[in-house]
Amino acid sequence: MREIIRYHDYRYYVLDQPEISDEKYDALMRRLVGIEEAHPDLITPDSPTQRIAGTPLEQFAVFRHTRPMMSLANAFTEDEVLEFDRRVRRLLNQDDPAYILELKIDGVAVNLRYEKGMLTHGATRGDGVVGEDITHNIRTIRSVPLRLSMDTPPDIVEVQGEVFMRIPDFQYLNRQRVENGETPFANPRNASAGSLRQLDARLTARRSLDLFVYGAFFIRGDAIPETQSELLAYLGKAGFKVNEHYRVLSGLSETFILHREWEKKRRELDYAIDGLVLKVNAFEYQRVLGATSKSPRWAIAYKFQAGYAVTRVHDIRINVGRTGILTPVALLEPVSVGGVTIRRATLHNEDEMRKKDVRIGDWILVGRAGDVIPEVVQVFSDRRTGQETAFAMPETCPVCGSRVVREPGEAAMRCVSLRCLAQVKERILHWASRGAMDIEGLGAKLVDQLVDSGLVREIPDLYRLKREDLAALARMGVKSSENLLTAVERSKTRDLVRFIYALGIRFTGLVTARLLARKVGALDKFLEMTYDDYLSIEGVGPKIAGAVSDFFAGTENRRIIANLLELGIAPTPIEQWESGPDNDLPLQGKTLLFTGVLLGMTRREVEALVLTRGGRIATNIGPRVDYLIVGENPGNKLAVARDRNIPVLTEQEFFARLGRRKE
């Protein structure tokens, strides 16, 4: 049973070529758990059930690398690469040494030790000689084999690789952190590093980490590869995930061509790279070249130009979110970074703003974290004239004037009033969003009018609106009013997942809402459950259990839910919409991949839409992809999909499949 599950783990997490459904895989895992529970003496360290440690560590132990993990020297220009090549030729006395070029993954370097094919240790690079023993966290990464897939593994081998977080997972994690009042990670690399250094492996397991390997040191063993390209093939056969975009070069000029190509198309990848790595291919030559005290002489990192620009902060304002969190935002003089015009950058919270010492009037260096989120990278304090103004977080809410508090242990400041109009507007927008109750036509400008006019003060008021109410609003004609009222009426029968997500409970995103809806089953059961009931659900921790139980126990929240039910809202129970003949899951069992710019919705909205309609989101091309959805200016995924005969849908066709029009 363990061999069968290892095989399917390898097909799914390494090759991206699953052979069985998730349901069949889950059944296999449940069977294995049952066997091991009945016969605990049969449990082995390499069992798929043993990936997550049960007890948090108090601190990390020290791990000494058998061979130092050295950092690479950097090159930023063609001249620096040519100088590297001249030095290699001179030291080897060779006219044309063979090179291999690999993508430089922007992640966290780790060292994995295997003894007789079994994973025994995983460690960070540390200072290159000594790292932190993070074995319990490494074991949670599903693309890391707990046992090598070979009949005769080497006695002892240490494998080097890069732990990383895919950009969609990074974006989702940061959205959750912001909603929870936590400081978001600056980029996927920082998110990966923070995840690997959790003392509780259960927290690491929730972070969707992945691994590409690129090197190995054989301490004892036979049949050792003789070149880097042979080693990559060897590691792939051993069960590791090797990045496929490596190339043995026919000449050094290829390096510059490929560098220019990858600098342009790296944003088509769903993981971050910050350059290419040029290596001498033959290990014999690598041994001759040796290393300096810091870096190997046989490899160099050819870095991309960073996506940064200099601009000025002309104001700092406060944004009040639906949970009352006050977020300082720097308003910038518009500047282009990586082809995108940046006008604002979040400062996250008071601590982060103080740490960077950002002031109104400052000249700053702005970048896009992970090529995605605008962030203040550096403040040029030497350019200050004395006219700059430090910004102080308000003691009262800038929207409603209510008291602002900062709970112990939290970085965020919150407005305490549930009647705050900024929160009301954000809660209504969240309720109406595509991933939630999907009320077409209810956008930010219309919500502003409804709330400012007094027509809507809480979510149930949406379902009390009449044509004559809407007629008095700007740009709301008869047709627009009818369309909105129809959309509001249609939202009454959304499924339970959408309803739970739409309520805006802290720590409860779409994935958690789907888990809760599956396990609880119907809304009336939510109103009866206790903290312990929620905590008993696999995948629900103390924070989520506390937030959900507190929400449904709250008098005001129960009143609002009761009002919604009286007004005709009837969330479809999970057992009905998952298995009934008239379900609202046109994407049930389907996996979708998106490419290009979508004009009808944001990527966050499309993720929510697919999840709530029963589908899954893929992050790259693979056999599991059922459809590629193509927006404006698609990347090379379109050509690959056509080559592999993967069905392609335009954005309009995608909406048509869902039975709804594109806005």
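How do the residues of the lining of the second largest pocket divide into nonpolar, polar and charged? I took this up at the start, with the note that I am working on a predicted model.

**Entry 1. The second largest pocket**

I read off the classes: 24 nonpolar, 10 polar and 9 charged residues. The lining holds 43 residues in total, and the volume of this pocket is about 1,200 Å³. I then looked for the residues nearest the centre of the pocket and found Gln-160, Tyr-214, Gly-215, Lys-279 and Trp-298. Next I asked which elements give two or more residues to this lining. They are the strands β3, β4 (108–115), β7 (156–165), β8 (209–220) and β10, with the helices α8 and α10 (283–289). The most comes from β8, which supplies 7 residues.

**Entry 2. The open sheet**

I turned to the sheet that contains β3 and β10. It is open, has 5 strands, and I wrote down their order as β2-β11-β10-β3-β9. The pairing is mixed. Which strands stand at the edges? I found β2 (74–75) and β9 (247–248) there. Each has a single partner strand, so one side of each lacks a neighbour in the sheet.

I followed β2 to its partner. β2 and β11 (residues 299–303) run parallel and are joined by 2 bridges. I checked Asn-74 and found that its bridge partner in β11 is Ala-301.

**Entry 3. Helices on the sheet**

I looked up α9 first. This helix, residues 253–265, packs on the sheet and touches β3, β9, β10 and β11. Its direction makes about 165 degrees with that of β10. Helix α8 (residues 228–237) lies across β3 (99–105), β9 and β10 (273–280). I noted an angle of about 50 degrees between α8 and β3. I had already met α8 among the elements lining the second largest pocket.

**Entry 4. Aromatic pairs**

How many aromatic pairs does the count come to? I got 12. I picked out Tyr-114 and Phe-240, whose ring centres are 5.6 Å apart. Their planes stand at 90 degrees, so I logged the pair as edge-to-face. The two residues belong to distant parts of the chain, 126 residues apart. Tyr-114 is in strand β4, while Phe-240 is in the loop between α8 and β9.

**Entry 5. Cavities**

I searched for cavities of 30 Å³ or more and found 3. The largest has a volume of about 50 Å³. Its lining consists of Thr-346, Leu-347, His-348, Glu-352, Met-353, Lys-356, Val-358, Glu-375 and Val-376. Two elements give two or more residues to this lining, α11 (350–356) and β17 (373–379). Of the elements, α11 gives the most, with 3 residues. By class I noted 4 nonpolar, 2 polar and 3 charged residues.

I then went to the second largest cavity, which holds about 40 Å³ of space. Around it I listed Leu-148, Pro-154, Val-157, Val-159, Ala-216, Phe-218, Tyr-234, Leu-235 and Phe-240. Here β7, β8 and α8 each give two or more residues. What is the division by class in this lining? I found 9 nonpolar residues, no polar and no charged.

I cross-checked two items against the earlier entries. Phe-240, which lines the second largest cavity, is also the ring paired with Tyr-114. The elements β7, β8 and α8 of this cavity also appear in the lining of the second largest pocket.

Methods: Residues numbered from 1 in each chain as written. Predicted model: local features only at pLDDT ≥ 70, side-chain atom pairs only at ≥ 80, totals over all residues. Heavy atoms only, no water. Pairing = 2+ DSSP bridges. Helix = DSSP H or I, 4+ residues; strand = E, 2+ residues; numbered from the N terminus. Contact = heavy atoms within 4.5 Å. Axes fitted to C-alpha atoms, helices over the stretch in contact; angles between N-to-C directions. 1 Å grid on protein atoms, 1.4 Å probe; cavity = no way out; pocket = protein on both sides within 12 Å on 5 of 7 lines; lining within 4 Å. Points joined across faces, edges and corners; volume = space filled by probe spheres on them. Nonpolar A, V, L, I, M, F, W, Y, C, P; charged D, E, K, R; others polar. Phe/Tyr/Trp six-rings, centres within 6.5 Å; stacked < 30°, edge-to-face > 60°.
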